[in-house]
Amino acid sequence: MRVIRVNTTAYSEEDFFLLTTLSDEQISECLDSIISDEREGNAEYDNEDLFRALTYAYPNEKIEMFNDIETLEL
């Protein structure tokens, strides 16, 4: 299980975080075509669409989405 930041645009405020058992390769394999379609002007998506695509593609994996993660400074 790990937490990763997913960045699909040049704007960091559009990033989101996943708590997941998925590998980088699984995530990329699922999302690359969606992101490419938008960049070519063929479709639009938001972070919820990406999350839904992952949960549909990998129904037996742990996938939770977060838009913000708090930081604990000691």
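Asn47 is buried in the predicted model, with a relative accessible area of 18%, a value that falls under the 20% limit for buried residues. Asn47 belongs to helix H2, which covers residues 47–57. When neighbours within four places in sequence are left aside, the contacts of Asn47 are Glu14, Asp15, Phe16, Met65 and Asn67. One of these partners, Glu14, is also engaged through a polar contact: the side chain of Asn47 lies 3.0 Å from the backbone oxygen of Glu14.

Glu14 itself sits in the loop between E1 and E2. Its relative accessible area of 37% makes Glu14 partly exposed, because that class takes in values between 20% and 50%. Apart from residues up to four places away in sequence, Glu14 touches Thr9 and Asn47. With Thr9, the contact includes a polar pair between the two side chains, at 3.1 Å. Glu14 and Asp46 are 32 residues apart along the chain, and their C-alpha atoms are separated by 8.9 Å.

The loop between E1 and strand E2 (16–20) also holds Thr8. Thr8 is buried, with a relative accessible area of 8%. Its side chain makes a polar contact of 3.2 Å with the side chain of Tyr45. Beyond residues up to four places away in sequence, Thr8 touches Ile35, Arg39, Tyr45 and Leu50. Leu50 falls within the range of H2, residues 47–57, and Ile35 and Arg39 fall within that of helix H1 (24–39).

Thr8 is also one of the residues that line the largest pocket. This pocket contains about 170 Å³ of space. Besides Thr8, the lining comprises Ile4, Arg5, Val6, Asn7, Asp24, Ile27, Ser28, Leu31, Asp32, Ile35 and Arg39. Two elements, strand E1 (2–6) and helix H1 (24–39), each give two or more residues to this lining. H1 provides the largest share, with seven residues. By residue class, the lining consists of five nonpolar, three polar and four charged residues. Ile35 and Arg39, both in the lining, are also contacts of Thr8.

At the level of the whole chain, the model contains two helices and three strands. Read from the N terminus, these elements follow the order β-β-α-α-β. The C-alpha trace spans about 45 × 30 × 20 Å along its principal axes. The chain has 74 residues, of which 30% are buried; Asn47 and Thr8 are among the buried residues. The accessible surface of the chain amounts to about 5,400 Å². Carbon and sulfur atoms account for 45% of that surface.

Contacts were also considered by separation along the chain. Among contacts with a separation of 6 or more, 50% are between residues 24 or more positions apart. The partners of Asn47 include Glu14, Asp15 and Phe16, and those of Thr8 include Tyr45 and Leu50.

Notes. Residues are numbered from 1 along each chain as its sequence is written. This is a predicted model: local features need pLDDT of at least 70, side-chain atom pairs count only at pLDDT 80 or more; totals for chains, interfaces and linings use all residues. Side-chain values use heavy atoms; hydrogens and water are left out. On a 1 Å grid over the protein atoms alone, a cavity is a set of points where a 1.4 Å probe fits but cannot get out, and a pocket is an open set with protein on both sides within 12 Å along at least five of seven lines; lining residues have an atom within 4 Å of a point. Grid points are joined across faces, edges and corners, and a volume is the space filled by probe spheres set on the points. Helices (H or I, at least four residues) and strands (E, at least two) are DSSP runs, numbered from the N terminus. Ala, Val, Leu, Ile, Met, Phe, Trp, Tyr, Cys and Pro count as nonpolar, Asp, Glu, Lys and Arg as charged, and the others, Gly among them, as polar. Buried means under 20% relative accessible area, exposed over 50%, partly exposed in between (1.4 Å probe, protein chains only). A polar contact is a pair of N or O atoms within 3.5 Å; within protein, one must be able to donate a hydrogen and the other to accept it, and residues adjacent in sequence count only if both atoms are side-chain atoms. Contact means heavy atoms within 4.5 Å. Accessible areas come from the Shrake-Rupley method with a 1.4 Å probe; for residues, only the protein chains shown count as cover.
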